[in-house]
Amino acid sequence: MKKEQSDLRVRSGTPASIRESLKKATTEMLVLFTLQKEPMYTYQIAQRLEELSEGVITFNTLYPAIYRLQGFGYVAEEKTVTVDNRTRVYFTVTPAGRDYLKQLIEEYRGFTGAADRILGLNEGRQGG
């Protein structure tokens with residue numbers, strides 16, 4: 001059995017599995033939100049997300065999400081050359097990306113608000 005399959009089986013049905021699912025579902029929204037503040041390179045985005053989430057949300061790589069967003073025209077890249085003659089690729093949100101971010105946030109808030117109502121979290125109690 002491959003290690004990845006084994007890891008998935010171990011995580012399934014655990015609190016870690018919902019954390020991974022939520023992370024996957026919100027990655028694009030979090031990346032776009034972070035990039036709307038300033039252009040960043042991928043490692044910088046991951047660091048910022050980890051910092052803002054106080055270590056709760058971490059990423060091994062953001063390239064798949066960045067490339068997906070770029071493919072839809074939501075993110076653009078800007079290449080710069082550093083002092084030591086290395087190329088650094090910064091990403092920025094496009095106007096279409098800003099519109100998409102607004103839509104993602106609306107969907108996210110609608111869904112999490114409904115889940116909160118089901119769980120009774122809006123009234124300050126758990127379970128209904």
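The legends below describe several close-up views of a predicted model of one protein chain.

**View 1. The whole chain, with five helices and two strands.** In this predicted model, the protein chain contains five helices and two strands, and their order along the sequence follows the pattern α-α-α-α-β-β-α. The chain has 128 residues, of which 27% are buried. When contacts between residues at least 6 apart in sequence are considered, 46% of them join residues that are at least 24 apart.

**View 2. The largest nonpolar core and the elements that build it.** This core has 19 residues, and those that touch the most other members are Val31, Leu32, Leu35, Ile45, Leu62, Ile66 and Leu69. Two or more residues of this core come from each of helix 2, helix 3, helix 4, strand 2 (87-93) and helix 5, with helix 2 giving the most, namely five residues.

**View 3. The surroundings of Leu32, a member of the largest nonpolar core.** Once neighbours within four places in sequence are left aside, the residues in contact with Leu32 are Leu69, Tyr74, Val75, Val93, Gly97, Tyr100, Leu101 and Leu104. One of these contacts, Leu69, is itself listed with Leu32 among the core residues that touch the most other members.

**View 4. The largest pocket and its lining.** The space in this pocket amounts to about 880 Å³. The lining is made of 30 residues, and the closest to the centre of the pocket are Leu22, Lys23, Lys24, Ala25 and Thr26. Helix 2 (15-35), helix 4 and helix 5 (95-119) each supply at least two residues of the lining, and the largest share, 12 residues, comes from helix 2. Sorted by class, the lining has 17 nonpolar, six polar and seven charged residues.

**View 5. The buried residues of helix 3.** Which residues of helix 3 are buried? They are Thr42, Gln44, Ile45, Ala46 and Leu49, and in the model these buried residues pack against helix 2, helix 4 and strand 2. As background for reading this view, an α-helix has 3.6 residues a turn, so residues three or four places apart point the same way. Within the buried group, Ile45 is also one of the residues that touch the most other members of the largest nonpolar core.

**View 6. Ser53 and Glu54, in the loop that follows helix 3.** Ser53 lies in the loop between helix 3 (42-52) and helix 4 (63-71), and its side chain reaches the backbone oxygen of Leu49 at 2.9 Å. Leu49 is one of the buried residues of helix 3. Ser53 counts as buried because its relative accessibility is 17%, which is under the 20% cut-off. Glu54 is found in the loop between helix 3 and helix 4 as well, but Glu54 is exposed, with a relative accessible area of 74%. Just after helix 3, Glu54 takes a positive phi of about 55°, and this positive value occurs in a residue other than glycine.

**View 7. Thr58, further along in the loop between helix 3 and helix 4.** Is Thr58 buried, partly exposed or exposed? With a relative accessibility of 32%, Thr58 counts as partly exposed, because the value falls between the 20% and 50% cut-offs. Not counting residues up to four places away in sequence, Thr58 touches Lys23 and Glu50. Of these two residues, Lys23 is also among the residues closest to the centre of the largest pocket. From C-alpha to C-alpha, Thr58 and Arg48 are 9.6 Å apart in space, and in sequence they are 10 residues apart.

**View 8. Two exposed loop residues, Lys37 and Asn85.** Lys37 sits in the loop between helix 2 and helix 3, where it is exposed with a relative accessible area of 56%. Although Lys37 and Val93 are 56 residues apart in sequence, their C-alpha atoms are 9.1 Å apart in space. Asn85 is found in the loop between strand 1 (75-81) and strand 2, and at 63% relative accessibility Asn85 counts as exposed. The phi of Asn85 is near 65°, which is a positive value in a residue other than glycine.

How values were computed: Residues numbered from 1 in each chain as written. Predicted model: local features only at pLDDT ≥ 70, side-chain atom pairs only at ≥ 80, totals over all residues. Heavy atoms only, no water. Helix = DSSP H or I, 4+ residues; strand = E, 2+ residues; numbered from the N terminus. Buried < 20%, exposed > 50% of the residue type's maximum accessible area, 1.4 Å probe, protein only. Polar contact = N/O pair within 3.5 Å; in protein donor to acceptor, adjacent residues only side chain to side chain. 1 Å grid on protein atoms, 1.4 Å probe; cavity = no way out; pocket = protein on both sides within 12 Å on 5 of 7 lines; lining within 4 Å. Points joined across faces, edges and corners; volume = space filled by probe spheres on them. Nonpolar A, V, L, I, M, F, W, Y, C, P; charged D, E, K, R; others polar. Core = buried A, V, L, I, M, F, W, Y, C linked by side-chain atoms within 4.5 Å. Contact = heavy atoms within 4.5 Å.
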